[in-house]
Amino acid sequence: MAKTFVIVKLRNLLTGEERAVKYSCESDEISRKRLLERMNASLKEGNCEFFFGERMYMHLLPGLSEDTVRELSARMYHTAYVVCKRKGKREEVLYLALLKDSALRFKASIPAAIKREKGREIPNPDYFVKELSLCL
């Protein structure tokens, strides 16, 4: 899609754990600062904070026509799906997709997302698909 988005993450200041919780439209610095201030003010706990993580493009299923991509880019969607990789206490967002099917396909294409144990292939729990909501 034509739009870029920023992943909003929540950091626990006591443990250092970070996780992706929302996504937001890429905008100017003043709007981003206001959004973070508003979100941090809404926290009831004093030991957490919101911050901006990765900047990403929204991906659609391959093979869509340019007209369809333009049509979808003109709209705002309230939910999106991300493929995440857990690294210790951090979640790294690898892929942002509008459709869950697209996110699952991307996850399936990652060789490290499948582990071999006792001759069997099992999903690696460090790679997962997560639903995020849009914050404006």
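Phenylalanine 5 and tyrosine 23 are both buried in this predicted model. Their rings meet edge-to-face, with 5.3 Å from centre to centre and 65° between the planes. Along the chain the two residues sit 18 positions apart, phenylalanine 5 in strand E1 and tyrosine 23 in strand E2.

Those two strands are partners in their own right: E1 (residues 4-12) runs antiparallel to E2 (residues 18-25), and seven bridges join them. Across this pairing, leucine 10 faces arginine 19 of E2. Five residues separate the strands in the hairpin, and glycine 16 adopts a positive phi near 85° there. E2 also pairs with strand E8 (residues 127-134), this time in the parallel sense and over two bridges. Here lysine 22 is set opposite serine 133 of E8.

Back to the rings: searching the whole structure turns up two aromatic pairs. Besides the one between phenylalanine 5 and tyrosine 23, there is tyrosine 95 with phenylalanine 106, which counts as stacked because the ring centres are 4.2 Å apart and the planes are at 5°. This pair ties strand E5 (residues 90-97), home of tyrosine 95, to helix H3 (residues 100-108), home of phenylalanine 106, with the two positions eleven residues apart in numbering. Tyrosine 95 has 12% relative accessibility and so counts as buried, whereas phenylalanine 106, with a relative accessible area of 26%, is partly exposed.

Arginines turn up over ring faces too. Arginine 11 lies over phenylalanine 51, at 3.9 Å from the ring centre, and arginine 32 lies over phenylalanine 52, at 4.6 Å from the ring centre.

Conventions: Residues numbered from 1 in each chain as written. Predicted model: local features only at pLDDT ≥ 70, side-chain atom pairs only at ≥ 80, totals over all residues. Heavy atoms only, no water. Pairing = 2+ DSSP bridges. Helix = DSSP H or I, 4+ residues; strand = E, 2+ residues; numbered from the N terminus. Phe/Tyr/Trp six-rings, centres within 6.5 Å; stacked < 30°, edge-to-face > 60°. Buried < 20%, exposed > 50% of the residue type's maximum accessible area, 1.4 Å probe, protein only. Lys NZ or Arg CZ within 6 Å of the ring centre and 35° of its normal.
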